[in-house]
Amino acid sequence: MKKMTTSVALLCLLAFAPIAEASKSPELTYTVNLNDRIDDRFKVTLDVKGLKAENHTFQFAATAPGTYQTMDMGRFVKDFKAYDKKGRELETKQISTNQWQLSKPEKVRKISYQIAETFDTPVDKDQVYAMCGTSLEKDHALINGQAVFGYLTGLQATPMRIKLEHPKEWLVGTALSSDKNGYYVAKDYDHIVDSPIMAGNLTKAQTEYNGTTIDIYTYSKTGKIKSQDLMTNMTTMLESAHKFVVDFPVDRYTFLYHFEDQDWGAWEHSYSSGYVMQEKDLTPEYAKHLTDIAAHEFFHIITPLNIHSEIIEQFNFVQPTPSQHLWLYEGTTEWASHIMQLRSGQKPLPAYLADTRQKLLIDDQLDKNYSLQKLALTSYTPEGHKQYFNIYNRGALVATLLDIRLLELSGGKRGLREVINELSKEYGPDKAFPENEFFEIFASKTYPEIADFMNSYIKNAEPLPVASYFGKLGINYKAALSTGNKVKGLGYAIGAPGGVLSLTQVDEEMQKAGLQPGDEIIALDGVAVSLGNANQVLPKLGTLNIGDAYTFTVKRNGEQKDIACKILSKDEVKKHLFEVNEQATPQQLALRNSWLKNL
């Protein structure tokens with residue numbers, strides 16, 4: 001999913017080749033009215049010919065590839081109706097949260113419904129991640145396919161046309177192609193879900209890079225951020241990515257940026273990626289942050305576009321079905337987004353080691369006994385949501401160690417990059433690997449020792465051998481170092497599992513004060529706190545000194561409680577320190593050089 005910002009336990013698989021259909025398929029033409037935006041609802045009609053008895057149910061998505069969350073888009077639907085060729089209404093019946101049954105599918109010629117945008121529609125649970133949701137405002141619209149469109153049973157693999165009715169001055173950004181009549185064309189339902197659309201008062205920038213067309217479309221609420229500025233900052237990353245993967249496996253790619261009040265993150269797709277970020281000045285630091293996220297999403301053109309299991313290839317929109325190889329889709333992608341910048345010289349070694357340290361610090365805040373395999377298999381559950389963000393941390397750390405181990409075993413000639421590129425060419429977008437055999441496939445293409453590595457650090461959650469593996473590169477590592485100083489501390493960690501801002505870890509002293517893990521944060525000193533403003537409200541804690549008091553309002557078991565807290569004093573312990581060994585052996589230097597230059 002999506003690569004998430006640190007304020008949201010963010011992102012990110014894709015949907016691919018659908019099941020083939022026999023005989024002539026019905027004609028499906030969807031129209032979305034973007035001119036009527038007053039009540040925050042998308043007005044959708046489906047004109048259809050040739051339905052059969054088996055096409056009796058209209059399905060809205062329960063989830064979507066790469067989100068790892070239950071969405072239940074049927075919750076947002078109103079006024080679902082079906083009509084015959086004379087415009088007479090036919091009986092329909094809602095039979096589940098996401099399904100409407102047609103009484104006479106053979107007679108249906110038109111289906112209409114309204115579906116609320118997700119940004120401004122409150123729900124009791126399963127809040128839809130903003131980068132996977134929808135927005136409908138006076139100056140723009142953001143459409144993610146599964147949050148606007150549904151499909152008829154048996155027709156998930158049927159081509160569809162999409163007509164957008166919108167103000168003539170609006171610009172439309174999407175990776176979809178249009179026909180001679182201006183209709184956007186999707187080869188099937190999976191394709192429209194895989195192809196977000198943004199329309200409105202946008203800016204656009206385009207460039208050609210080694211035969212690949214790169215487009216950037218940007219909505220910026222007050223116009224602070226322009227597409228051309230983003231393109232300028234992204235050029236070096238694209239060069240690094242091209243060297244890393246040897247050649248882009250796509251002929252075009254579209255970046256869709258939505259800058260407003262929320263800071264959520266991004267969602268990857270086959271030929272595009274969507275970003276919902278906070279609008280602020282495009283400083284060098286913020287530009288770097290945006291580029292790091294873009295590097296992650298862009299690398300998804302390899303995993304899972306070109307390397308994915310059968311579960312991802314034939315996506316189940318009705319029942320969320322996890323793949324155990326989330327470590328490959330997200331962990332490896334996060335590793336690649338940083339290592340390719342290191343090897344191209346875009347990111348200095350100290351900065352790369354600082355990023356690695358940050359991932360280790362976040363891993364400390366989550367359950368270290370929760371394996372990557374278990375994280376993947378529970379990703380749709382509340383339990384899994386609490387640990388999900390670690391796929392970008394422990395997942396990337398495991399990929400980092402796997403790369404070092406492969407380079408060591410191959411004498412510096414074949415690391416994780418080479419194996420991934422080889423697998424990409426062997427499988428590709430139209431060929432899936434067997435879900436339950438991939439660990440063995442990967443080991444058979446590398447070394448027997450890699451099977452042991454995967455058993456230890458992916459299937460199980462053994463302590464990561466950071467010191468010994470970085471030691472192979474002549475880089476010293478200390479897990480903890482006491483300085484003898486006293487520093488202030490909070491005594492808890494804050495995260496957003498399942499899209500809810502809450503305490504993910506609480507030390508014993510703060511538990512005595514009344515806080516508990518899982519408490520949802522409602523307010524700080526009477527100021528309401530939400531995911532949208534957490535980055536503005538919570539930094540107040542950093543301005544307080546040891547012993548200063550403050551009050552958290554939390555929700556626990558449906559009840560709100562005010563908890564009196566104070567800033568703690570604790571021994572300063574610096575964790576996860578890296579230092580380049582100036583007395584590294586020739587063997588260590590040789591492996592480090594291979595690791596640094598492996599392009």
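**A walk through helices and a sheet**

Helix α2 passes helix α3 in a right-handed crossing. Keep in mind as you look around that this is a predicted model. To find the pair, look for residues 227-245, which make up α2, and residues 284-299, which make up α3. Two packed helices are described by the angle between their axes and the distance between the axes. Here the axes come within 10 Å and cross at roughly 40°.

So what do the two helices touch each other with? On the α2 side, the contact is made by Leu230, Asn233, Met234, Met237, Leu238, Ala241, Phe244 and Val245. Facing them from α3 are Ala287, Leu290, Thr291, Ala294, Ala295, Phe298 and Phe299. Sort the residues of this contact by type and you get 13 nonpolar, two polar and no charged.

Now hop over to a sheet. Strands of a sheet pair through backbone hydrogen bonds, either parallel or antiparallel. This one is an open sheet of four strands, in the order β6-β7-β3-β11, and the pairing is antiparallel. At its edges sit β6 (92-96) and β11 (151-152), each pairing on one side only. Zoom in on β11 and its partner β3 (residues 57-59): these two pair over two bridges. There you can spot Phe58 standing opposite Leu152 of β11.

Last stop: Thr332, which you'll find in helix α5 (residues 326-343). Is Thr332 buried or exposed? It counts as buried, because its relative accessibility is just 1%, and the cut-off for buried is under 20%. Leaving aside residues up to four places away in sequence, Thr332 touches Trp327, Ala399, Leu416 and Ile420.

Terms used:
Residues are numbered from 1 along each chain as its sequence is written. This is a predicted model: local features need pLDDT of at least 70, side-chain atom pairs count only at pLDDT 80 or more; totals for chains, interfaces and linings use all residues. Side-chain values use heavy atoms; hydrogens and water are left out. Buried means under 20% relative accessible area, exposed over 50%, partly exposed in between (1.4 Å probe, protein chains only). Contact means heavy atoms within 4.5 Å. Axes are lines fitted to C-alpha atoms, for helices over the stretch in contact, and angles run from 0 to 180 degrees between N-to-C directions. A crossing is left-handed if the near helix is turned anticlockwise from the far one by less than a right angle, and right-handed if clockwise. Ala, Val, Leu, Ile, Met, Phe, Trp, Tyr, Cys and Pro count as nonpolar, Asp, Glu, Lys and Arg as charged, and the others, Gly among them, as polar. Two strands pair if DSSP finds at least two bridges between them.
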